[in-house]
Amino acid sequence: MPMDRPAPDPRKLLDHWEEWESGETPPGRVMSDLKTGGLRDLLQGLADQRDS
């Protein structure tokens, strides 16, 4: 049975991005955090809104 994922939190995703920009977190860790944080889902939702 698949687990339900929480909705992406844009603030958390931005925080992860800013950690990378400031050099606090290595790129691989940031990519992992963005992926598990739902960046793809957030972007898909925005793309779908734009296409509507």
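Is L13 buried or exposed? That's a good place to start a set of close-ups of this predicted model.

**View 1. L13 in helix α1 and its neighbours**. L13 is buried, because its relative accessible area comes out at 6%, and the cut-off for calling a residue buried is under 20%. You'll find L13 in helix α1. Leaving aside residues up to four places away in sequence, L13 touches P8, D33, L34, G37, G38, L39 and L42. For a sense of scale, pick out S52 too: S52 and L13 are 39 residues apart along the chain, and their C-alpha atoms are separated by 25 Å.

**View 2. The buried side of helix α2**. Helix α2 covers residues 27–36, and V30, D33 and L34 are the buried residues in it. These three sit on the same side of α2 because they cover an arc of only 100 degrees around the axis. What do they pack against? The buried residues of α2 pack against α1 and α3, the latter being residues 39–51. Go round to the other side of α2 and you meet G28, M31, K35 and T36, which are exposed. Just after α2 comes G38, which has a positive phi, near 95 degrees.

**View 3. D33, a buried residue with a salt bridge**. D33 lies in helix α2. D33 counts as buried because its relative accessibility is 15%, with the cut-off at under 20%. Skipping residues up to four places away in sequence, D33 touches L13 and H16. The side chain of D33 also meets that of R29 in a salt bridge, at 2.9 Å from N to O. Why are R29 and D33 separated by about one helical turn? They are four residues apart in helix α2, so one turn is roughly what lies between them. As a rule, residues three or four places apart in an α-helix point the same way, because there are 3.6 residues a turn. R29 counts as partly exposed, because its relative accessibility is 44%.

**View 4. The R11 and D15 salt bridge in helix α1**. The count for the model is two salt bridges, and one of them joins R11 to D15. In this pair the closest N and O atoms are 3.4 Å apart. R11 and D15 are four residues apart in helix α1, so about one helical turn separates them. D15 counts as partly exposed, because its relative accessibility is 32%.

**View 5. The largest pocket and its lining**. How much space lies in the largest pocket? About 160 Å³. The lining is made up of R5, P6, A7, P8, D9, K12, L13, H16, T36, G37, G38 and D41. Sorted by class, that gives four nonpolar, four polar and four charged residues. Helix α1, residues 10–21, gives the most to this lining, with three residues. Two residues from the earlier views turn up here again: L13 and G38 are both among the lining residues.

**View 6. R5, ahead of helix α1**. R5 lies in the segment before α1, and R5 is one of the residues that line the largest pocket. R5 is exposed, because its relative accessible area is 62%, and exposed means over 50%. Along the chain, R5 and R40 are 35 residues apart, and their C-alpha atoms are separated by 12 Å.

Technical notes:
Residues numbered from 1 in each chain as written. Predicted model: local features only at pLDDT ≥ 70, side-chain atom pairs only at ≥ 80, totals over all residues. Heavy atoms only, no water. 1 Å grid on protein atoms, 1.4 Å probe; cavity = no way out; pocket = protein on both sides within 12 Å on 5 of 7 lines; lining within 4 Å. Points joined across faces, edges and corners; volume = space filled by probe spheres on them. Helix = DSSP H or I, 4+ residues; strand = E, 2+ residues; numbered from the N terminus. Nonpolar A, V, L, I, M, F, W, Y, C, P; charged D, E, K, R; others polar. Buried < 20%, exposed > 50% of the residue type's maximum accessible area, 1.4 Å probe, protein only. Arc of directions from axis to C-beta. Contact = heavy atoms within 4.5 Å. Salt bridge = Lys/Arg side-chain N within 4 Å of Asp/Glu carboxyl O.
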